[in-house]
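Hi,

Here is the structure I promised to pass on. Have a look at it first, and my notes on the pockets, the cavity and the helix follow below.

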Amino acid sequence: MSSIKKIKPLNFPWETSDPFLFCVHHADNYPKGNEAMGPDASLEGRNIGQDFTIKDGWRMYHGSKVPGFPPHPHRGFETVTVVTKGFIDHSDSLGATARFGNGDVQWMTAGKGLQHSEMFPLLKRDKPNPLELFQIWLNLPAKSKMVEPHFGMLWNETIDKIDYADESDKHTQITLIAGNLDDYSGPQIPPNSWAADTNNEVAVWIIDMNPNAEWTIPAASEGLNRTIYYFEGEGLNVDDKEIPSYNGVELYSEKEAVLKNGDQPARLLLLQGRPINEPVVQYGPFVMNSQEGIQQAMMDYQKDQFGGWPWPEAEHVHAREKGRFAIHADGREEVK
């Protein structure tokens, strides 16, 4: 029997299943950067502050000078930000800050609440600055919604990339951001995450397939939610059923799924996890279990802004020459 439950077109954002709340794929072909690390191009005709329409191949999002997302609050869930191209400058109300990208992942537990910004500095002044990222929201169970916030970096160098060759020597590479595969396991996950308990079998994988490659997603436990998002390529088959490009495929987790690629490179994102099976009440950036929890989140944020904003600017970015680094809320610094 086929492993396929359902096939559905991908919209913006992508539809997800418990324990995931949200997934968005940002792909922007930014031009050369200007002196302020914004686009060296006219912003005329853009809805600055709310620019989500692709124009000339890119968007400003909520940024006014630098593309990205100035300070905004979160409570009750986690953000997993996977950057495959380009860089993000992170700052938050805990005092943590970072520049990461080109394969790095930030895994942030919002818990009881914090503000953060995610700006996209255009570092190159002599050539384009392409950016690709996925932001995934992973829910927290009721027992963990009010834990202390946690800012974690999963550096590219710590993330396993597993290469499989089929009988025709066509290769598939799995980037293992979370979860187990054969003898490999993902990097260390923040302690209060739903993904930190291996019994929940949370998996976040990027699957890169050569033209005409074949690879089989192994079976996991029954009762998990498992979806693959086919966002690049043409001619993919899953269990001998052709999948239209830019579609998602819900799979039975307890069954193997045989992927056979067409004659172009293919890229997919896999999200899997045991459902939390608790009520979800969401109001913008707050995700709780009840309307009362949402009202409390709003009152708490109005009272102290989740610690306020300790940085000199809302669109806080680092010096152009700064490399990949992270300064954690406790002052610990990592330099890559």
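β17 (225-232) provides the largest share of the lining of the largest cavity, with four residues. This is a predicted model, by the way, so please read everything here as computed from it. The other element that gives two or more residues to that lining is β22 (266-273). The full set of lining residues is Thr16, Ser17, Phe20, Asn225, Arg226, Thr227, Tyr229, Leu271 and Gln272. Sorted by class, they come to three nonpolar, five polar and one charged. The space inside is about 40 Å³, and the structure has one cavity of 30 Å³ or more.

Now the pockets. The largest has a volume of about 370 Å³. Its lining counts 19 residues, and Phe22, Phe52, Phe69, Gln135 and Trp137 are the closest to the centre. At least two lining residues come from each of β2 (20-30), β3 (68-74) and β9 (129-139), with β3 giving the most, at four. By class, the lining has 12 nonpolar, six polar and one charged residues.

The second largest pocket holds about 310 Å³ of space. Here 20 residues form the lining, and Ala178, Gly179, Asn180, Glu201 and Val202 lie nearest the centre. β13 (180-181) and β15 (203-209) are the elements that supply two or more of the lining residues. The class split for this pocket is 12 nonpolar, six polar and two charged.

On to the helix, α1 (residues 291-304). How far apart should the ends of its 14 residues be? At 1.5 Å a residue the expected span is 20 Å, and the end C-alpha atoms are 20 Å apart, so the two agree.

Which residues of α1 are buried? They are Gly293, Ile294, Ala297, Asp300 and Tyr301. Looking down the helix axis, these buried residues fall within an arc of 125°, which means that they line one face of α1. That buried set packs against β3, β8 (114-119), β23 (281-283) and β24 (286-288). So β3 turns up twice: as a packing partner of α1 and in the lining of the largest pocket. Glu292, Gln302 and Lys303 are exposed on the other side of the helix. Just after α1 comes Gln305, which has a positive phi, near 55°.

That's what I have for now. Shout if you want to go through any of it together.

Cheers

How values were computed. Residues numbered from 1 in each chain as written. Predicted model: local features only at pLDDT ≥ 70, side-chain atom pairs only at ≥ 80, totals over all residues. Heavy atoms only, no water. 1 Å grid on protein atoms, 1.4 Å probe; cavity = no way out; pocket = protein on both sides within 12 Å on 5 of 7 lines; lining within 4 Å. Points joined across faces, edges and corners; volume = space filled by probe spheres on them. Nonpolar A, V, L, I, M, F, W, Y, C, P; charged D, E, K, R; others polar. Expected span 1.5 Å × (residues − 1). Buried < 20%, exposed > 50% of the residue type's maximum accessible area, 1.4 Å probe, protein only. Arc of directions from axis to C-beta. Contact = heavy atoms within 4.5 Å.
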